[in-house]
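Dear colleague,

Please find the structure below, passed on to you for your work. My notes on what was found in it follow directly after.

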Amino acid sequence: MTEMPSHARGASWVRTRLRSAPWSAVALGVLVLVTAFLAAVLPRAVEVYETDGLRTAVAGAPPESTVLELKTPQPGFERSEGARADAVRPEALAAVGARARALLPEPLRADPAQSAYGVRTAKSLQALDRWLPRPDGLPPRFTLLAQSGAAAHATVREGRLPAAGRVEVDTGAVEGAVTRETARALRLRVGSTLALAEYPDRPLTVRITGVLEPRQPQRSYWSAEPVLRSPALVVSSGRPPQFYWEAGVLLAPGAAPALLGGQGEPERYWRFAPATGRLTGSDAPALVAAVASLEDGPALVRMRGAAGPTAQLFTGLEQVIGAHTRTREAITPVVGVAVFGIAAVAVVVLLMSGGLAAARRDAELALLRARGASLRGIAGRLLAETAVPVVPAAVCGLLLALLVVDGARLLPALLGAGAVALLACAALPVRAVVAHRRPRAHRERDDLAHARPGGRRAVAELTVLVLAVGSVAALRRRGTDGSGDLLVSAAPVLVGVVAALVLVRLYPLPLRWAAGPAGRLRGVVGFLSLARSGRSPAAVAVLPLLALLIALTTAAFGGSVLTGVADARERAALLATGADARLDTADGSPLPAGLARAVREVPGVRQATAVGFAYAAEHASDRTRPLPVIGVEPDTYARVARQTGLGGFPADRLGSADGVLGAVASPGVAERLGRGPRRLATDSGVVTVRITAVSPRTPAAPEGEFLLVDAAGIERFAGPTTLLAAGAGLDAKALRAAARGAGAGLSVTVRAEERAALADSPLQTGAERVYVWAVVAGAGYAVLALVLGLLRTAPERAALLALLRTLGLTTRRGRRLIGLEALPQALLAAGGGVAVGWAAVRLLAPGVDLGRLALSGAPGATVPGGAVLRADPWSLVLPAAVTVLLAGVVAVAQAWWAGRRTPITHLRAGDMR
């Protein structure tokens, strides 16, 4: 007989099998589509938030820290004055700037709109005009900048932009312009003239021709040198220190030669604002290397070829990128925990799907082996049959991920979807080949009661145990700072795997112990349920339990991480404000009358109290560190302290007796003053205080030393300068309106806004979003694993229920039997998940610092003791309770479905399904 071609046999087999079980193929395709989508979208989402984080870090940093400034001193005196003047004219500077911009190494790119070049005085020039403001009698000083691009970056509010004719080195008068802030602070207007010293023969005269309004004042053009935008009061280095004004004047670019005639140390500069539009998260190391090369490396040599042999490049960009990199390296291992968790659970589910298909077709494959089919032939046909729904589904999942998340590399997503497709295609053939290595006449028992672990399994379990111990030890010793590795991120997953292996070995013991007493009961439901649970196939018991424990451990760890992050931000925001809202006067003057009453009427405000600050010494001539004294109203302040949780105390602690004021002090002040009465010299006179209570913190000064006293007991008290308000959900907009209505010059700080600012970094929000979705997806896969485990034994369970119904078992008892049969494994997974989750958090907490994840949005924010990882009870108990509930729901649904069919359907002779 002529043998059919192999491709014809394969095609016929595939068509026949898919037609015989279309819904199984559809279900497998949907599972692969979802898994491939997650495997492809996860690396893209991580790359996108890392890219957004890098771009935001560079764009949001102060321009003076990120701009690349190429500087070179003024042309040498060996050259003629004409040659020196020509070297600083706009045409020459523009040509050098174009060549230097082209020499920037990748991935550095300049933003032409915010870049500028020109000549500036490195040393500010003293103004000789007596009519200029002099706070402490010192004359103001001006920095002159002949900078390009003023017309494109400023709006002329008064006058016009400065112009320049043919300016030479000896020119004694030039035109300039100032910003509105400079004009207001230094009383300048159009037509004002400045006489600037540091010139050998005569002062340089600068006539103000325009007052400008900067466009985008926070961008690099105006903020790379902040004094150009806003004047500043500078402290002199003498004793006693004195203040003087430092301001900038913008000259026409053509006026640069006039700066060469003075002693202001003129220098040429080219400022390149970094463009962030094309940066990606993977560019951070290359950026650091490029900056290092520009500062002292081959790129600097090339820059000197364009700008001159003495050129230097200065920037703080490497510090900005370094801070971003440190934050990312601290966040990545924490996110990696969720990634490993969902990956492990997804792998278990895909293996279970292959095992379920192999178990359903066990008799068919055994018959093929008995009739002489080779393992290679069976594996090839099963692989072809599985690849038909799997490969298109994986491609669709990949395309969907590319559509959902844009702006990331293709290769990681392709590798993730390809790995899912390979695993899904190989699960069924490998499972079938392993199960049918040898032809067998009958199926051997593979339940937990009969299974005896072999040496290979013991070696594998010991290997996993060693890996888990090593990862936990590495995480506790090294923490998540630094480069880290995959083993550290996999620590919670490995802990869950070890716990699952231990529980599987111990699982039959309590069932055997409980089966004896249950067998002596009158009913058969308890005994049968325990006996059935102990006789579950080993694969059915191990894989779902493994998936549930990994998912519960990941959920507990992730929930604890998110709770710890939220608590750290809440605490940091509270320490930044001291209450739910804080109102301060800008200059330390007393609060406006009626402000407290207006604030109390704001919706959401439950309590408000006013406080004042003063400083005291133990005697008038005391030169030691002064004591901060805070005058409060005892009743309202004590209520605010209790509501905020910052050092609450009874109001009577601030009472007075015999002219001695009761006081609440910080530990440092209490140690300094002792518990006895002490006389203190304050700004308002002499007071006698006795410390009656010690508190580490207080709302008025949440992070400093303090001495609280009753303001009414201080004579000539200057009055309150700060108002603290407490109340959940207070209306910030209405609060600011009340502050504006009470008077000008009040700053308003709201705790909720401070907390929101701490989570404003794309790295933080992206990492938290990925973590939450990974935990949710892992939970979904765990539920699916539970369902697949129950479906694996569904035919046997239905047949047993039908047999018992023929023997007189009622429908209610049948449902109770199925529910009780599923209960031990669900309880084991739930209890084990709670215990393992708690243990994982306790074991890994010393190595996990949540500070960068919680507070990287505000570099100055801190939490006393650090952001410590602690087990969250809800994250432990809630997923476990849902697991038990879902197991019960699935069992009841299965019993209801089995009860709808007649017993003869399940007990047909010869039916092996």
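E225 is in contact with R120, T143, L145 and R271, leaving aside its neighbours within four places in sequence. Please bear in mind throughout that the model is predicted. E225 lies in the loop between α8 (220–223) and β9 (232–235). Is E225 buried or exposed? E225 counts as buried because its relative accessible area is 10%, and the cut-off for that class is under 20%.

A second loop residue may be set beside this one. R202 is found in the loop between β7 (193–196) and β8 (204–214). R202 has a relative accessible area of 29% and is therefore classed as partly exposed. Not counting residues up to four places away in sequence, R202 touches D170, T171 and G172. For one of these, G172, the separation from R202 is 30 residues in sequence, while the C-alpha to C-alpha distance is 7.6 Å.

A323 belongs to a helix, namely α11 (residues 317–360). With a relative accessible area of 32%, A323 is partly exposed. Which distance separates A323 and A57 in space, C-alpha to C-alpha? The value is 8.7 Å, although A323 and A57 are 266 residues apart in sequence. A57 itself falls within helix α2 (residues 22–60).

I turn next to helix packing. Two packed helices are described by the angle between their axes and the distance between the axes. Helix α2 packs against helix α13 (residues 375–404) at an angle of about 35°, and their axes are 7 Å apart. The crossing of α2 past α13 is right-handed. On the α2 side, the residues that meet α13 are A25, L28, G29, V32, L33, A36, F37, A40, V41 and R44. Their counterparts in α13 are T386, P389, V390, A393, A394, C396, G397, L398, L400, A401, L402 and V404. Sorted by class, this contact of α2 with α13 holds 18 nonpolar, three polar and one charged residues.

Helix α13 also packs with helix α12 (residues 362–370), here at an angle of about 145° and with the axes 10 Å apart. This crossing, too, is right-handed as α12 passes α13. Which residues of α12 meet α13? They are L365, L368 and R369, and in α13 they meet L375, I378 and L382. By class, the contact of α12 with α13 comprises five nonpolar residues, no polar residues and one charged residue.

The strands β14, β17, β18 and β19 deserve a separate paragraph. Strand β18 (residues 678–682) pairs with β19 in the antiparallel sense over five bridges. These two strands, β18 and β19, form a hairpin, with two residues between them. Within this pairing, V686 in β19 is the residue that A681 stands opposite. Strand β19 (residues 685–694) further pairs with strand β17 (residues 660–665), in the parallel sense and over five bridges. There, G662 has R690 in β19 as its bridge partner. On another pairing, strand β14 (residues 607–617) and β18 run in the antiparallel sense, with two bridges. A617 stands opposite A681 in β18, so that A681 faces both A617 and V686 across these pairings. In a regular strand the side chains alternate between the two faces of the sheet.

Finally, I give some figures for the chain as a whole. Its secondary structure comes to 31 helices and 22 strands. Of the 913 residues in the chain, 49% are buried. How much area does the chain expose? The exposed area is about 42400 Å², of which carbon and sulfur atoms supply 60%. Among contacts between residues at least 6 apart in sequence, 81% join residues at least 24 apart.

With kind regards

Key
Residues are numbered from 1 along each chain as its sequence is written. This is a predicted model: local features need pLDDT of at least 70, side-chain atom pairs count only at pLDDT 80 or more; totals for chains, interfaces and linings use all residues. Side-chain values use heavy atoms; hydrogens and water are left out. Axes are lines fitted to C-alpha atoms, for helices over the stretch in contact, and angles run from 0 to 180 degrees between N-to-C directions. Helices (H or I, at least four residues) and strands (E, at least two) are DSSP runs, numbered from the N terminus. A crossing is left-handed if the near helix is turned anticlockwise from the far one by less than a right angle, and right-handed if clockwise. Contact means heavy atoms within 4.5 Å. Ala, Val, Leu, Ile, Met, Phe, Trp, Tyr, Cys and Pro count as nonpolar, Asp, Glu, Lys and Arg as charged, and the others, Gly among them, as polar. Two strands pair if DSSP finds at least two bridges between them. Buried means under 20% relative accessible area, exposed over 50%, partly exposed in between (1.4 Å probe, protein chains only). Accessible areas come from the Shrake-Rupley method with a 1.4 Å probe; for residues, only the protein chains shown count as cover.
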